[in-house]
Amino acid sequence: MGSNKPIWVTGFMSGTSLDGVDAACLLTDGVDISKFGPSAYRPYSAAERQLLQSVLGRWPGEPGLEPAAGLILRAHLEAWAQLPAAELIGFHGQTLSHDPQNLRTHQLGSGAELARQAGVAVAWDFRSEDVARGGQGAPLAPIFHWALARYKQMQEPVAIVNLGGVGNLTWVDARLPPEQGLLAFDTGPANAPLNDFMLKTTGQPYDAGGTLAASGRIDRKIVASFLQQPYFSRPAPKSLDRDSFGDMARLVAQLDPADAAATLTAICVAAVAAGVVLMPAPPKQVWISGGGRKNSEVMRQLAGNLPMEVFDIDDIGFDGDMLEAQAFAYLAARVARGLPTSFPATTATKAPLCGGKISLP
Ligand SMILES: Nc1ncnc2c1ncn2[C@@H]1O[C@H](COP(=O)(O)OP(=O)(O)OP(=O)(O)O)[C@@H](O)[C@H]1O
Ligand SMILES: CC(=O)N[C@H]1[C@@H]2OC[C@@H](O2)[C@@H](O)[C@@H]1O[C@H](C)C(=O)O
């Protein structure tokens, strides 16, 4: 560690959708990607998801966090056990609350304990320093998106959109250094409101394939009025908590389930379209990653609403399910080398910043 020789790193992500732990191996020197390695997925059971859901919004020191922290540790160790050994772990933890305006963000899970139990160095707590210095603390994947575009030797800017619980967008021109070639921000709610609605109305955790939404009609008035909120026209960088917009099921409570699903889906897409307007220059291509790309209705609406070509990032040759886990492997390698993980144009930090700390076993 600390040298610029590529090392194998395992990155972990337990995202805002609360579906499970993604784990992915990456060979990298923290600048370039040398090789993509194997990956694993450790899903949460319904009871585990409920446990995590029950502690959303809590801050460190509040009571009742131990069982959830224990689950996070256990689930990550189980994912780690499925993969070949690596030299370093990048551990994001589980975001429970995110409030950069008040200089705080909370990712549950101890990297120190993970290092002890996995027997390997762990880079973790990637967001705290950034928010403590007045940055947004998110999104952090953009510097990895820069590395992806570099890996593909892109000769023009491209946009990468991640549709998880929350959506985020990176505009990247990989011909430039990261300080000049990036602009990033959270676009708005993505799958989380639809998931919450599906669970409550149908007992299903999400709208598989977008089938329910595809059978409904979009209430355009609700979409337009939602997009009137100041967040969507605010300049980037900017970030969101999972539930920054409150209980969105209220917005569609009067609609029948199919129309409600179609409308929540349209809100996710309209938020991305509003984000496209904020980019420094329109790229020719948008690459979609995250679970939302498996929702055909999301992809259909994106293709119809964005003025550029929309690709499932798998069709570019990447693994759209593992991009965030790979991002935290890459970020860990950067932390090990003291390289910046966030930039003024990605988190609004005042100067490029190397967030994250390293715990040894
Ligand atoms: N086959 C599918 N059809 C429709 N939607 C799907 C499908 N598979 C996954 N999804 C959606 O994608 C979500 C998971 O996406 P992902 O794993 O990218 O989120 P995350 O990493 O938890 O979130 P975030 O990026 O906000 O941290 C699921 O909760 C679901 O809403
Ligand atoms: C505070 C927090 O955990 N934010 C997540 C969340 O999920 C998607 C979006 O909101 C993004 O800002 C971020 O995750 C990704 C991995 C990021 O930091 O790039």
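**Walking through the model**

Leaving aside its neighbours within four places in sequence, Leu 103 is in contact with Val 131, Ala 132 and Gly 134. I should say at once that this is a predicted model, so everything I describe has been computed from it. Leu 103 lies in the loop between β4, residues 88–99, and β5, residues 104–108, and its C-alpha atom is separated by 6.1 Å from that of Gly 134, although the two are 31 residues apart along the chain. With 14 C-beta neighbours inside 10 Å, Leu 103 counts as partly exposed, and its phi is near 60°, a positive value in a residue other than glycine. As background, most residues other than glycine have a negative phi.

A positive phi is also found at Asp 125, where the value is near 50°. Asp 125 sits in the loop between β6, residues 121–124, and α4. Is Asp 125 buried or exposed? Asp 125 is buried, because 22 other C-beta atoms lie within 10 Å, and the cut-off for that word is 20 or more.

Let me turn to the early strands. Strand β1, residues 7–14, is joined to β2 by eight bridges, and the two run antiparallel; within this pairing, Trp 8 stands opposite Leu 27 in β2. The hairpin of β1 and β2 has five residues between the strands, and in it Leu 18 takes a positive phi near 60°. On from there, β2 and strand β3, residues 33–43, also pair in the antiparallel sense, over eight bridges, with Ala 24 standing opposite Ser 39 in β3. The hairpin of β2 and β3 has four residues between the strands, and here it is Gly 30 that takes a positive phi, near 85°. Seven of the nine residues of β2, residues 20–28, are buried, so this strand is largely enclosed by the rest of the structure.

Next come two helices, α2, residues 66–81, and α3, residues 111–118, whose axes come within 11 Å and cross at roughly 40°. The two are therefore oblique to each other, and their crossing is right-handed. Where they meet, α2 contributes Leu 73, His 76, Leu 77 and Trp 80, while α3 contributes Glu 113, Leu 114, Gln 117 and Ala 118. It may help to recall that an α-helix has 3.6 residues a turn, so residues three or four places apart point the same way.

The other sheet I want to show is an open one of five strands, in the order β9-β8-β7-β10-β11, with mixed pairing. Strands β9, residues 182–189, and β11, residues 309–312, stand at its edges with a single partner strand each, so one side of each is left without a neighbour in the sheet. Neighbouring strands of this sheet are turned by 20° against each other on average, direction ignored. Strands β7, residues 158–163, and β10, residues 285–289, run parallel and are joined by four bridges, and the bridge partner of Val 161 in β10 is Ile 288. Helix α5, residues 142–151, lies across β7, β8 and β9, and runs at about 50° to β8.

In β9 we find Pro 189, which counts as buried because it has 24 C-beta neighbours inside 10 Å. Beyond its neighbours within four places in sequence, Pro 189 is in contact with Val 166, Phe 245, Met 248, Ile 267, Cys 268 and Ala 271.

Three of those contacts bring us to helix α10, residues 257–276. How far apart should the ends of α10 be? At 1.5 Å a residue, its 20 residues should span 28 Å, and the end C-alpha atoms are 29 Å apart, which agrees. Of these 20 residues, 14 are buried, so α10 is largely enclosed by the rest of the structure. Helix α7, residues 192–202, packs with α10 at an angle of about 165°, their axes being 9 Å apart, and the two are therefore roughly antiparallel to each other. The contact is made by Pro 193, Leu 194, Phe 197 and Thr 201 of α7 and by Pro 257, Ala 260, Ala 261, Leu 264 and Thr 265 of α10.

Finally, two peptide bonds deserve a look. A cis bond joins Ala 138 and Pro 139, with omega about -10°, and Pro 139 is placed in the loop between α4 and α5. The bond from Ala 236 to Pro 237 is also cis, with omega near -5°.

Methods
Residues are numbered from 1 along each chain as its sequence is written. Chains are lettered from A and ligands numbered from 1 in the order in which they are written. This is a predicted model: local features need pLDDT of at least 70, side-chain atom pairs count only at pLDDT 80 or more; totals for chains, interfaces and linings use all residues. The expected span of a helix is 1.5 Å times one less than its number of residues. A residue is buried if 20 or more other C-beta atoms lie within 10 Å of its own, exposed if 12 or fewer, and partly exposed in between; C-beta atoms are placed from the backbone. Two strands pair if DSSP finds at least two bridges between them. Axes are lines fitted to C-alpha atoms, for helices over the stretch in contact, and angles run from 0 to 180 degrees between N-to-C directions. Two residues are in contact if their C-beta atoms, placed from the backbone, lie within 7 Å. Angles under 35 degrees count as roughly parallel, over 145 as roughly antiparallel, 65 to 115 as roughly perpendicular and the rest as oblique. A crossing is left-handed if the near helix is turned anticlockwise from the far one by less than a right angle, and right-handed if clockwise.
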